[in-house]
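Biologist: I am new to reading models of this kind, and I would be grateful for a slow, close look at one part. Please begin at a single residue and then work outward to its surroundings.

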Amino acid sequence: MNRKLRMGMIGGGSDAFIGAIHRHAANLDGKIELVCGALSINKEIAISSGRSLFLAEDRIYSTYEEMLEKEAALPADTRMDFVTIVTPNFAHFAPAMMALEKGFNVVIEKPITLSLEEALELDKKVKETGLILCLTHTYTGYPMVKEAKSIIAEGKLGKIRKVYVEYRQGWLSRLSEREGNAGAAWRTDAKKSGKSGVMGDIGTHAFNLTEYITGLQVSELCANLNVVVDGRALDDDGAVLLRFNNGASGVLMATQVAAGEENNLVIRIYGENGGLEWHQHEPNSLLLKWYDKPMETLRAGSAYLSDLAKHNCRTPGGHPEGYLEAFANLYKNFTLALSARLDNTTVKDIVEFPSVAEGIRGMAFIENVVRSNNSNEKWVSYTI
């Protein structure tokens, strides 16, 4: 490509949180430019947000329908190449479907849709169009998460036996949805968030991380969901026992009522020969614990890392990389894949990012967790 990729955005105006994160991440490598947006359902906020980002007046749109219609009618050398969708869960499916129908590639926030049925429909449309969809499971973008994946894929730990993953937050320890917190309001509303609160919001991240790093798939699960804060409509705490398709077992815990916690995501995986451990609060380190030799600490930016990890490192060793860089790695790899598609070339295997398949697995996780929690027979087969 001899130009930047042109990005549009749906949602993410000045009244939102995650849109700015996406823009920072997309800007980090200098390969993408934001050219248009329908940035809020509030027309005034949509316009003011577009102006604050210096978008052309005629490419600041009031609705996503208007944006997709008008962008599709522009000449090929002007219209956007892809759209990023950063709306609440209930507003993912319709704009994504319309974008694909209009010929636009898509980047979309997780979980991919409001329901499993919608995710399956989106999968059909992606296959039908041959377009690219990137699902922003941010934690898969960290270099040491990719190193963990490579270590297990190479068989260094032997057969995987046990997985523990915990995602602890405390920001919903009070009834914030009734205190003016807009993010809390839609995340605790089943019509906007989906069947589960905590498992849909952060449990899906923990689930995705287990399957991504281990290369295994959950085959059965047993779930318990709780509403800890009085007056809340959806679960804010829960735990899930897991069985994997190789016979391994695991435990997944997710909570948003652990008062004092910020964004404490930890995963531990154990095989026949040893285990590994990664903390999102200390993302540049990966601990390797061996059965018959001393523990090792692997560090981001080091020459001894796998090609997959090194491809996603941005700074020399000892220079911290964090959430924005991991997020940017999703955009980096999406950009490489999309540029190759536009140029009719191919990319290496190390160019990877979550897509519709991971989105379907995540939606099925939510469905099966809720089914298990509501069932007298706790263990349920993982079905899609």
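Modeller: We need one cut-off before we start: a residue is called exposed when its relative accessible area is over 50%, and buried when that area is under 20%. The model in front of you is predicted, and the residue I would begin with is N344, which has a relative accessibility of 72% and therefore counts as exposed. N344 sits in the loop between α11 and α12, and its phi is positive, at about 60 degrees, although N344 is not a glycine.

The helix that N344 follows is α11, which covers residues 323–343 and so has 21 residues. From the first C-alpha of α11 to the last the reach is 30 Å, close to the 30 Å expected at 1.5 Å a residue.

The loop between α2 (43–52) and α3 holds F54, which also has a positive phi of about 60 degrees without being a glycine. With a relative accessible area of 74%, F54 is exposed.

From that loop we can go on to α3 itself, which covers residues 64–73, and to its partner α4, residues 93–101: the axes of the two helices come within 10 Å and cross at roughly 10 degrees. Because angles under 35 degrees count as roughly parallel, this crossing makes α3 roughly parallel to α4. On the α3 side the contact is made by Y64, E65, L68 and E69, while α4 contributes A94, P95, M98 and A99. Sorted by class, these residues are six nonpolar and two charged, with no polar ones.

Helix α4 is also one of the elements against which the buried residues of α5 pack, together with β5 (133–135) and α12 (356–373). The buried residues in question are L116, E118, A119, L122, D123, K125 and V126. Helix α5 runs over residues 116–129, and its 14 residues reach 20 Å from the first C-alpha to the last, close to the 20 Å expected at 1.5 Å a residue. Just after α5 comes G130, with a positive phi of about 75 degrees.

The loop between β4 and α5 contains P111, and the peptide bond leading from K110 to P111 is cis, with omega near -10 degrees. Strand β4, residues 105–108, includes N105. Whereas N344 is exposed, N105 has a relative accessible area of 3% and is therefore buried. The side chain of N105 reaches the backbone oxygen of D81 at 3.3 Å. If we set aside residues up to four places away in sequence, N105 touches D81, F82, V83, L131, I132, F334, L338 and R341.

A second buried residue rounds off the picture: K146, in helix α6 (residues 143–153), has a relative accessible area of 2% and so is buried. A polar atom of the K146 side chain lies 2.9 Å from the backbone oxygen of T140, and a polar contact of 3.0 Å joins the side chains of K146 and Y212. Beyond its neighbours within four places in sequence, K146 is in contact with several residues, including L308, A309, N312 and E352.

Methods. Residues numbered from 1 in each chain as written. Predicted model: local features only at pLDDT ≥ 70, side-chain atom pairs only at ≥ 80, totals over all residues. Heavy atoms only, no water. Axes fitted to C-alpha atoms, helices over the stretch in contact; angles between N-to-C directions. Helix = DSSP H or I, 4+ residues; strand = E, 2+ residues; numbered from the N terminus. Parallel < 35°, antiparallel > 145°, perpendicular 65-115°, else oblique. Contact = heavy atoms within 4.5 Å. Nonpolar A, V, L, I, M, F, W, Y, C, P; charged D, E, K, R; others polar. Buried < 20%, exposed > 50% of the residue type's maximum accessible area, 1.4 Å probe, protein only. Polar contact = N/O pair within 3.5 Å; in protein donor to acceptor, adjacent residues only side chain to side chain. Expected span 1.5 Å × (residues − 1).
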